[in-house]
Amino acid sequence: MNIFFCNFMKKSSLPTLFCYLLAIGLAQRCEAQAPPSTGDNPATTRTNPPANAADSASEADIPPAIARELAALKARIAQLEAAQRMDAAQRGAPVTTATPSLADPPPPAAVATMSNASPAISTSKAVEANPPVVQDAHAGTAAASEQATPTAPFAYADWTWLNGNPRNKDTVWDSKFFTPEVRLDAHFIMDLNHPRDDTMGGSTEMFRSNELQLEQVSFGGNFHWQNVQARILTMNGMFGVTTPRNDASPGRGQWDLRGAYKYVSEANAGYHFDVNHGLNLDAGIFVSYIGLFSYYNFDNWAYQPSYVSSNTPWFFNGVRIQWFPTDKLKIEPWIINGWQSYGRLGSKPGLGGQILYRPKPWLSLVFNNYGMGEDTLGNGDGHFGRSRIHTDDSVEVKYYDRPEKFLDKMAFSLTGDLGCEYGGSGSFVSAQGRVINNNVNCHHNTATSSKQTFAGWMLYNRWWFKKDLYGITLGGGAMDNPGRYLTLLPPINGADAISGSPYFTQNPGDPFKAWDASLTFDWMPRQYITFRAEYGYRHANVPYFSGRGGITPGDNLSTSTIPNLSAGSVVGSTTFVPGPVLTPTPGYACVPGPTGFCPDLRKDEPSLRYAIMVKF
């Protein structure tokens, strides 16, 4: 039994010394527990035993295999002590021993005492007194190995405080092959304009008023095996139809790209290379980082982000390369079909990239840039010849962190965007009878070219209370977008990015300015759920948001068809007459006539937003 136990302990990497001492101790304990002698047998009667009788009896009880191993152990200990004395002599220091020399056989009483001691105590003290050179070398090798192994990117700090990052600190379930992810977002939006068709526009988060709706229902996760990786996340709920309608690329060529992709928010696969702190090569659909806020509301400080985020891409379709030269820096180039597009809208793909730098646990800097892509749906074969460039830059700072206080954290995020479109040829006649030149530029209006730019910013500050149980966010932003090429088209009569709308034009030079503000309160009883209440106010310099009369013709009077095949056409006897510049159709006003239709659009939209969001 002692030999089996000792072999087991050796395989468990416990010190060899303890194994043999324990074996001897167990033998002594077994002898002590044997039935006492009756004195009838002379062989067991002990009178005046010699001084070494106990040692002799103990050694006689040790099996030959143990004896040989113990002899080898004694020789090794003697060797180490000799090395210790030699090292001490070279250093000119006296040789001291914190414990009795183990080169001599210990007395049985000492063996019994050590066998009952804790292994950590009985072995560590001798090592502490004079650690062998072998152990020092091993420790140095282990430290060097640990130092040589690259750390995971950004793993040196907790980033769950960031706007646009999920706040989960733990994974519910994980395996070597698959890490699942489940998201659900249910909301109730009350548009205080009370549109009679319950339809809201100009947003990528709010679509129906005075109704309970499922914004997002997503299932999927990350697959990872032997450096091969893939991520799939489905997209159902309102997001499944509202996001694809802002992509005009399916309007060029054949096959139903919207139908193919609308129920997938992320689907990409690739390979991880062990270069520096990581190098990933992925292809497919992946989320966009432009605009700071996450595509998924659970990750964000506010439910309805400002225009700089809401009007910029949520996804890309193409190839990305993620390179982590250090654990604080990511460099990520993109080769993509276009600006939030399933396919190409012109003859050139989009190029871009991100630089993400987090030098301190309280600071995150992100720089996104995009260029070359032709992202305006044109006539004929779709080669409109108009290119787009854009820069999006953010800083996030956690300027207060006191976990023991009631107010335990404070942080802010600041984002600024600049962009423009340039080029284009030809002209066309608008629904109002205007001749529109397709050529645009990044600077000013001329007789043959219009200024087509985007400038915007947003600022949010967040407070956390009672160990992150509660959160309050105050923020907002503004944008200026002459040409309206990044202004979200209201779904008037079922209009989308392909059809356009004669009731809200997006022609070169059309003016559009807007600002918004919001106040958000979060209750977060668990890291996997957020209860959110938010008040928001949005304003535009032209009528843009749904008013009381709604934006759907025939509502409550006759059947409406959504989507409407005539969405890009004038309804009935509607006409446009000369009017003010700051209108949905600059320079013209809508007149419905006896059988026509004009949408009820307002410059302001106050709203209340309530949501329950879950992420596992």
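In which sense, and over how many bridges, do β16 and strand β17 pair? In the predicted model described here, local features need pLDDT of at least 70 and side-chain atom pairs count only at pLDDT 80 or more, whereas totals for chains, interfaces and linings use all residues. Residues are numbered from 1 along each chain as its sequence is written, and side-chain values use heavy atoms, with hydrogens and water left out.

β16 and strand β17 (residues 470-480) pair in the antiparallel sense over 11 bridges, where two strands are taken to pair if DSSP finds at least two bridges between them. Helices (H or I, at least four residues) and strands (E, at least two) are DSSP runs, numbered from the N terminus, and the chain holds 10 helices and 24 strands. Within the pairing of β16 with β17, arginine 462 stands opposite threonine 473 in β17. The two strands form a hairpin with four residues between them, and lysine 466 in the turn has a positive phi of about 50°. Strand β17 also pairs with strand β18 (residues 513-526), in the antiparallel sense and over 11 bridges; here methionine 479 has alanine 514 in β18 as its bridge partner.

Strand β16 also contributes to aromatic pairing. Rings of Phe, Tyr and Trp (its six-membered ring) are counted as a pair if their centres lie within 6.5 Å, with planes under 30 degrees apart taken as stacked, over 60 as edge-to-face and the rest as tilted; by this rule the count comes to 28 aromatic pairs. One of them is formed by phenylalanine 293 and tyrosine 460, which meet edge-to-face at 5.2 Å centre to centre with 65° between the planes. This pair links distant parts of the chain, since phenylalanine 293 is in the loop between β5 and α10 and tyrosine 460 is in strand β16 (residues 453-465), 167 residues apart. Both phenylalanine 293 and tyrosine 460 are buried, a term that means under 20% relative accessible area, with exposed meaning over 50% and partly exposed lying in between (1.4 Å probe, protein chains only). The rings of tryptophan 301 and tryptophan 464 have their centres 5.8 Å apart and their planes at 85°, so this pair is edge-to-face. Because tryptophan 301 lies in the loop between β5 and α10 and tryptophan 464 in strand β16, the pair ties together parts that are 163 residues apart in sequence. Tryptophan 301 and tryptophan 464 are both buried. Elsewhere, Phe239, Tyr295, Tyr296 and Trp314 form one aromatic cluster.

Charged groups are also placed over aromatic rings, the criterion being that NZ of Lys or CZ of Arg is within 6 Å of the ring centre and within 35 degrees of the ring normal. The charged end of lysine 328 sits over the ring of tyrosine 156, 5.0 Å from its centre, and that of arginine 402 sits over the ring of tyrosine 400 at 5.5 Å from the centre.

Side chains of opposite charge can pair when their charged atoms come close. With a salt bridge defined as a side-chain nitrogen of Lys or Arg within 4 Å of a carboxyl oxygen of Asp or Glu, a search of the whole structure finds 20 salt bridges. The side chains of arginine 183 and aspartate 299 meet in one of these (3.1 Å, N to O). Arginine 183 lies in strand β1 (residues 178-191) and aspartate 299 in the loop between β5 (279-287) and α10 (307-310), so the pair ties together parts that are 116 residues apart in sequence. Both arginine 183 and aspartate 299 are buried. A further salt bridge joins the side chains of aspartate 408 and lysine 409 (3.7 Å, N to O), and aspartate 408 and lysine 409 are likewise buried. Arginine 538 forms a salt bridge with glutamate 605, the closest N and O atoms being 3.0 Å apart. This pair links distant parts of the chain, with arginine 538 in strand β19 (residues 529-540) and glutamate 605 in strand β24 (residues 604-615), 67 residues apart. Arginine 538 is buried, with a relative accessible area of 2%, and glutamate 605 counts as buried at 0% relative accessibility. Salt bridges that share partners join Glu181, Arg183, Arg231, Glu266 and Asp299 into one network.

Over the chain, buried residues make up 44% of the 616 residues.
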